[in-house]
Amino acid sequence: IAFLNRLSDIINDRHTNPTDESYTSSLFKKGKNKLAQKVGEEGVEVVIEAMAENEELLLNESADLIFHLMVLLESQGLKLSDVVNILEKRHQSS
């Protein structure tokens, strides 16, 4: 969790202080539609690797999915911690 918080801060910094050298900054420049598309692509890749039972690729694609989801959330003024809060509330009520 601590690393995800640090990564969230880095993503926020790339959003508010973009640089030409940053892959993350380049994602923000592409806009919401491309960001959402990238999350979808990564989600499909997670499914493919899960079905293929390729653990290493499944983990790598899952990391890509989480990263790109975090970038999309940041572009909308949201954080992964907002998603975690919803999960916590759901767990408490079940």
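# A five-helix chain, in questions and answers

Visitor: In which helix is Leu69 found?
Guide: This is a predicted model, in which local features need pLDDT of at least 70 and side-chain atom pairs count only at pLDDT 80 or more, while totals for chains, interfaces and linings use all residues. Residues are numbered from 1 along each chain as its sequence is written, and side-chain values use heavy atoms, with hydrogens and water left out. Helices are DSSP runs of H or I with at least four residues, strands are E runs of at least two, and both are numbered from the N terminus. On that numbering, Leu69 is found in helix H4.

Visitor: How many helices and how many strands does the protein chain have?
Guide: From the N terminus on, the elements run α-α-α-α-α. The C-alpha atoms fill a box of roughly 40 × 35 × 25 Å, taken along the principal axes. The secondary structure comes to 5 helices and 0 strands.

Visitor: Is Leu69 buried, partly exposed or exposed?
Guide: Buried means under 20% relative accessible area and exposed means over 50%, with partly exposed in between (1.4 Å probe, protein chains only). Because its relative accessibility is 30%, Leu69 counts as partly exposed.

Visitor: What distance separates the C-alpha atoms of Leu69 and Ala2?
Guide: Leu69 lies in H4. Along the chain, Leu69 and Ala2 are 67 residues apart. In space, their C-alpha atoms are separated by 17 Å.

Visitor: Which residues does His68 touch, leaving out those up to four places away in sequence?
Guide: His68 also has its place in helix H4, and its relative accessible area of 5% means that it is buried. Contact means heavy atoms within 4.5 Å. By that rule, His68 touches Tyr23, Leu27, Lys38, Val39 and Glu42.

Visitor: How is H1 oriented relative to H4?
Guide: Axes are lines fitted to C-alpha atoms, for helices over the stretch in contact, and angles run from 0 to 180 degrees between N-to-C directions. Helix H1 (residues 2-16) and helix H4 (residues 55-75) pack at an angle of about 50°, with their axes 10 Å apart. Angles under 35 degrees count as roughly parallel, over 145 as roughly antiparallel, 65 to 115 as roughly perpendicular, and the rest as oblique. H1 and H4 are therefore oblique.

Visitor: Which classes of residue make up the contact of H1 with H4, and how many are there of each?
Guide: Ala, Val, Leu, Ile, Met, Phe, Trp, Tyr, Cys and Pro count as nonpolar, Asp, Glu, Lys and Arg as charged, and the others, Gly among them, as polar. From H1 come Leu4, Leu7, Ser8, Ile11, Asn12 and His15, which meet Ile66, Phe67, Met70, Val71, Glu74 and Ser75 in H4. By class, this contact has 7 nonpolar, 4 polar and 1 charged residues.

Visitor: How is H1 oriented relative to H2?
Guide: Ile11, Arg14 and His15 in H1 meet Thr24, Ser25 and Phe28 in H2. The two helices pack at an angle of about 60°, with their axes 8 Å apart. H1 and H2 are therefore oblique.

Visitor: Which residues are in contact with Thr24, leaving aside its neighbours within four places in sequence?
Guide: Thr24 has its place in helix H2 (residues 23-30). A relative accessible area of 10% means that Thr24 is buried. Its contacts are Ile11, Arg14, Phe67 and Val71.

Visitor: Which helix supplies the largest share of the largest nonpolar core?
Guide: A nonpolar core is a set of buried Ala, Val, Leu, Ile, Met, Phe, Trp, Tyr and Cys residues joined through side-chain atoms within 4.5 Å. The largest one has 12 residues: Leu7, Ile11, Leu27, Phe28, Leu35, Val39, Phe67, Met70, Val71, Leu72, Leu73 and Leu80. H1, H2, H3 and H4 each supply at least two of these residues. The largest share, 5 residues, comes from H4.

Visitor: What is the phi of Glu53?
Guide: Glu53 has its place in the loop between helix H3 (32-51) and H4. Because its relative accessibility is 73%, Glu53 counts as exposed. Although Glu53 is not a glycine, its phi is positive, at about 55°.
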